[in-house]
Amino acid sequence: MWSKTLIGTLVSMLVTMSLILNLAYLLPVAIDVYLFVAFISFFLVWAGLLSYFYSLDKITQGLKICVPVLVLSAALNGAFYTGVFA
Amino acid sequence: MKAQTLRNLVDGHGWIGLFISIPLFIVFWAGSITFFQPEVYRWASTVHFPVAEGKTEVKVDALIDRKLAQYNVDKSSRIFITYPSEYSPYLRLGFYAFAPSTDASKAGQDKPRAKYTALLIDPNSGETLTDQRPFELSDFFYRLHYNLKLPQGDYVVGFITLFFMMLLMTGLVIQLKNLIKHFFLYRADRNTRYKMNDLHNVVGVVTLPYGLMFALTGLMFNLNIIAQLPTVAVLYKGDINAAFKDAGTNRINPEFLDKPQAMPSLDKLVAELEQQEQVDITGITLYNYGDKSAVIRFRGQLEHSFANHYARYYEVDKGQFPAELNSADDNVFANGTRLLYRMHFADFAGVDVRFIFFILGLGVCAMIVAGNVLWLVKRQKRNATPKTISIMRALTLGGCAGVIPATALSFLLERSLPLELSMRGDMIEYGFGIGLFIAVIAAFRYQEQNSLLRHYALSGAMLFAITAILDWVLFAPALLYLIEQGSFAALSVNIALLLVSFALAWFSYKLTAKAPAETEQEKPVKGSELSQQN
């Protein structure tokens with residue numbers, strides 16, 4: 001349970017941060033609308049992912065899904081940030 | 001859903017719930033009391049300094065220079081003026097001041113540290129009532145609510161709230177199948193385990209929308225830095241001022257130039273704004289007062305508006321409200337977050353809505369206690385380590401039920417301590433802490449649960465009753481004067497204290513009359529009842 005709590009909290013936070021940043025690049029909305037949507041969604045997604053970690057038998061099951069999602073999402077952010085995607 | 005997944009969720013729900021139960025209980029308890037922060041503040045202060053409200057128009061021009069001249073004010077920092085309101089009948093003036101003999105002109109590291117000073121001023125006579133901030137009870141419960149009075153407490157409470165939201169989500173999934181079918185199911189004829197399980201579920205379902213709103217807004221308050229971090233770091237490349245501007249919030253920090261500048265009439269500017277913009281100005285912030293770089297911020301509430309609050313910056317040197325400092329009021333982020341924050345405080349309506357929120361807050365407290373008792377009963381059945389059970393039982397009893405006498409003690413101290421006492425506010429806070437500590441120690445020492453609860457209830461009843469009686473013994477003329485003036489906040493709290501005292505005495509009596517222990521045997525649990533049992 002400790003590993004689910006500590007690793008789950010950290011990994012779900014990182015995944016959430018990256019996914020929320022994806023929204024900034026992909027959502028065609030005004031910046032104040034994005035800031036509001038991102039602010040609200042951040043905590044809902046974070047708590048939702050954390051709950052998902054607790055539903056699993058082992059933390060590794062969650063990591064097998066979350067780490068690839070994080071890598072893909074971070075790569076997308078990196079591509080937008082460096083200008084690969086305009 | 002697979003049975004194993006459900007079991008994992010139940011385990012996680014129980015484990016995390018147990019860990020955060022006591023601080024979460026205190027957060028909700030203090031938050032529930034905070035719904036009546038204005039009333040508690042008025043109850044504490046107005047009997048000492050009764051003032052007639054709304055009799056004269058409050059003018060600050062004549063006051064401000066006279067008041068500031070009495071202190072060695074740091075004019076390069078901000079000065080806050082707050083008009084009388086529902087919260088406080090006094091005009092409040094806050095500023096940073098150096099010790100009288102200090103040379104404030106020193107620069108750099110040699111510059112002495114200024115201390116925040118807050119004056120309570122009679123809005124009718126302009127007389128300073130106190131500059132010692134003696135009435136800290138209502139603020140104490142507010143701070144206890146959002147930081148538990150711990151170092152880095154904002155983050156501690158933030159993470160507790162995150163886990164509370166996770167508990168709501170896992171609880172919802174666990175209970176989903178029975179959400180409608182067993183809505184309001186309470187098996188009063190069954191043993192403690194079933195009763196606690198039903199209480200936990202029913203209160204959890206009833207308070208779910210309320211709990212979700214509080215968890216979300218609580219996270220927005222306490223962990224907003226974490227949420228904004230990626231956006232500010234990546235999208236704004238660390239430029240926090242640009243992020244604030246897009247969020248509809250201007251943050252200014254004008255540099256002190258040390259060149260004297262005549263200040264405009266604040267009363268005239270307030271009157272103009274109130275007339276032109278249909279706004280009720282509630283306060284003013286002065287940046288670099290009396291300097292060429294001075295800026296004035298007017299804050300208030302737009303009339304006929306639910307969430308739109310009002311803020312305008314005035315540059316003294318230019319004599320105008322510059323566009324670059326005054327962003328448009330239609331910012332979705334600013335208005336959306338403000339709406340949610342107002343829901344958190346329930347300050348959008350009258351006492352009736354706040355009372356409903358108060359009851360729901362206490363409902364969450366009951367849900368937390370029921371969850372812990374359920375855990376204890378289940379562990380007893382599974383023959384868990386007696387030490388673990390004993391510790392959790394004592395912490396649940398002392399940490400949760402013990403807040404009642406601790407709260408009563410802090411109210412008694414607020415009413416009975418003399419105003420002249422230095423550290424009066426701190427002593428009220430220590431009173432609460434010591435009361436809670438004694439309650440927890442007593443729970444570890446005494447194993448008889450009903451007897452302990454009876455003593456908590458009885459001591460709470462006595463302390464609240466003594467406080468309510470002291471109101472009249474010490475301050476009868478002031479209370480009668482306030483009633484005559486149409487100010488009923490102090491009287492309302494006095495009556496509420498008496499009612500709570502009677503309720504606790506009745507609860508104590510019921511516990512005395514109750515049979516010493518439940519004898520009904522635990523019945524075996526069917527597999528299909530698993531989700532319903534947790």
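How much area do chain A and chain B bury between them, and how much of it lies on carbon and sulfur atoms?

**View 1. The interface between chain A and chain B in a predicted model.** The two chains bury about 3,200 Å² between them, with 82% of it on carbon and sulfur atoms. Buried area is the accessible area (1.4 Å probe) that two parts lose on being put together, summed over both. Leu35(A), Phe39(A) and Phe43(A) supply 20% of the area that chain A buries against chain B, more than any other three residues. The predictor gives the complex an ipTM of 0.95 and a pTM of 0.88.

**View 2. The side of chain A that touches chain B.** The contact (heavy atoms within 4.5 Å) takes 31 residues from chain A and 42 residues from chain B. No salt bridges are counted between the chains; the criterion is a side-chain nitrogen of Lys or Arg within 4 Å of a carboxyl oxygen of Asp or Glu. Helices H1 (2–26) and H2 (31–55) of chain A each supply at least two residues of this side. H2(A) gives the most, with 18 residues. Helices are DSSP runs (H or I, at least four residues), numbered from the N terminus.

**View 3. Confidence along chain B.** Chain B averages a pLDDT (the predictor's confidence in each residue, from 0 to 100) of 86, and 91% of the residues score at least 70. Over residues 517–534 of chain B the pLDDT is below 50. Beyond near neighbours in sequence, this stretch has 41 contacts in the model.

**Conventions.** Residues are numbered from 1 along each chain as its sequence is written, and chains are lettered from A in the order in which they are written. Local features need pLDDT of at least 70, side-chain atom pairs count only at pLDDT 80 or more, and totals for chains, interfaces and linings use all residues, while side-chain values use heavy atoms, leaving out hydrogens and water.
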